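Q: Could you take me through one part of this structure closely, namely the patch of charge on its surface, and then place that patch within the chain as a whole? I am new to this structure, so please explain the terms as you go.

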Amino acid sequence: MEPMEPQSGGIRKAYKTYKYRLTPTPAQEQALATVLSRCRMLYNVALEQRKTWWDRGQGIGVTYYQQKAELPDVKAACPELAEVNAQVLQDVILRVERAYLDFFRRIKDGEMPGYPRFQGWGRYNSFTYPQYGGGAALDGSVLSLSKIGRIHIRLHRPMEGAPKTVTISREADGWYACISCAEIPIAPLPSVGCETGIDVGLKVFLVTANGEVIENPRHYRKAEKQLATAQRRVARRKKGSNRRKKAVKLLARRHQTVRRQRSDFHHKTALMLVQQFDTIYLEDLQVRNMVRNRRLAKSISDAGWGQFRTILAFKAAWAGKRVVAVPAQYTTQDCSGCGERMPKSLSVRTHVCPSCGLVMDRDENAALNILRAGQAR
Ligand SMILES: [Zn+2]
């Protein structure tokens, strides 16, 4: 996602998403849940349709626009869908499209992705009004949603810029509205005259070219353990039982805790980096996918590296700093001292160069190579 808009009138503007808690009445909560289940139904129907086309070998020819054009017919066939705002339904079709594009992209990258999955209850947790004002708008401390009603919203901090989209989501502890805004004047941080490269660590979260090490937070590991325990408890309990339902609820809460802690950690780490550096170089992920093996790829996704990069890009844009993806290869193998290529297995923690004698932490060496590659561009 591109966090910056083109410059307009010399003032740089950025996007930002605000998340607010909704406090619906029981009847409104029921209405929200109904819209969510209608959207999920449409998602699965649209996916099924694509699957049929795909099985017939017409998968690539069928587009988002065709499905969107067929929406009125689908609505005529399923009157339940008339209870949902038309733009919200269009966004559901767009989600199917995105899932498909992602599927094709991964095939192109040489991966073996699973077919986009059908969404069960509890998996499909949000719907979007793609145009602020078109069915969703704020009115004081009330969020007015077409076909649902006027729901109280806790605006715990002021919103800036021009609201563009509204996404309503169901989480373990209730309902939320995410309002994304554009044209927010950025608040540049002072330039510090320093650049760095960063790389994801094998054991740590990340390492900078300056040798700074950011560990994975301990409380996060503890929360993950609790998550695993909650998962086992659900698996043990009898399907359909009340005890299982309770366990499922607890599991959802644990998931939410882990997600929040991770996101909080990412935000803090990203802020620290953009405060310390004007430009941050990191490795282009597509190159990484080609070069590195599957096991490492898994540890990267576990650490939420992709989510962190997105947050870092936004924070940097926000602060008037730069994040640059460098298509560097062999960042782990090459010696940052002399350039000599030194193949090493994943278990080798330290880079020791036979030609120039450099001894350095493996990840720091990689981060330095990324910095060099970035500066050489
Ligand atoms: Zn060397």
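A: What follows begins with the charged patch and then moves outward to the chain and to two loop residues.

This is a predicted model, in which local features need pLDDT of at least 70 and side-chain atom pairs count only at pLDDT 80 or more, while totals for chains, interfaces and linings use all residues. Residues are numbered from 1 along each chain as its sequence is written, and side-chain values use heavy atoms, with hydrogens and water left out.

On the surface, a patch of positive charge brings together Arg232, Arg236, Arg243 and Lys246. A patch here is made of residues with over 30% relative accessible area and no salt bridge, with like charges joined within 9 Å and nonpolar side chains (Val, Leu, Ile, Met, Phe, Trp, Tyr) within 5 Å. A salt bridge would be a side-chain nitrogen of Lys or Arg within 4 Å of a carboxyl oxygen of Asp or Glu. At least two residues of the positive patch come from each of α5 (218-236) and α6 (242-276), helices being DSSP runs of H or I with at least four residues, and strands runs of E with at least two, numbered from the N terminus. Lys246 is part of helix α6, and Lys246 counts as exposed because its relative accessibility is 65%; exposed means over 50% relative accessible area, buried under 20%, and partly exposed in between, with a 1.4 Å probe and protein chains only.

Turning to the whole, the protein chain has 10 helices and 14 strands, and its C-alpha atoms fill a box of roughly 75 × 55 × 45 Å along the principal axes. Of the 377 residues in the protein chain, 40% are buried. The chain carries 62 positive and 34 negative charges, whose mean positions are 9 Å apart; Lys and Arg count as positive and Asp and Glu as negative, without His or the chain ends.

Two loop residues also deserve a look for their backbone angles. Most residues other than glycine have a negative phi. Lys147, although not a glycine, has a positive phi of about 65°, and Lys147 sits in the loop between β4 (142-145) and β5 (149-154), where Lys147 is exposed with a relative accessible area of 53%. Tyr330, likewise not a glycine, has a positive phi of about 55° and belongs to the loop between β12 (322-326) and β13 (350-352). Tyr330 counts as partly exposed, because its relative accessibility is 31%.

Note on methods. Areas by Shrake-Rupley, 256 points an atom, 1.4 Å probe, with all protein chains shown as cover. Charge placed at Lys NZ, Arg CZ, Asp CG, Glu CD.
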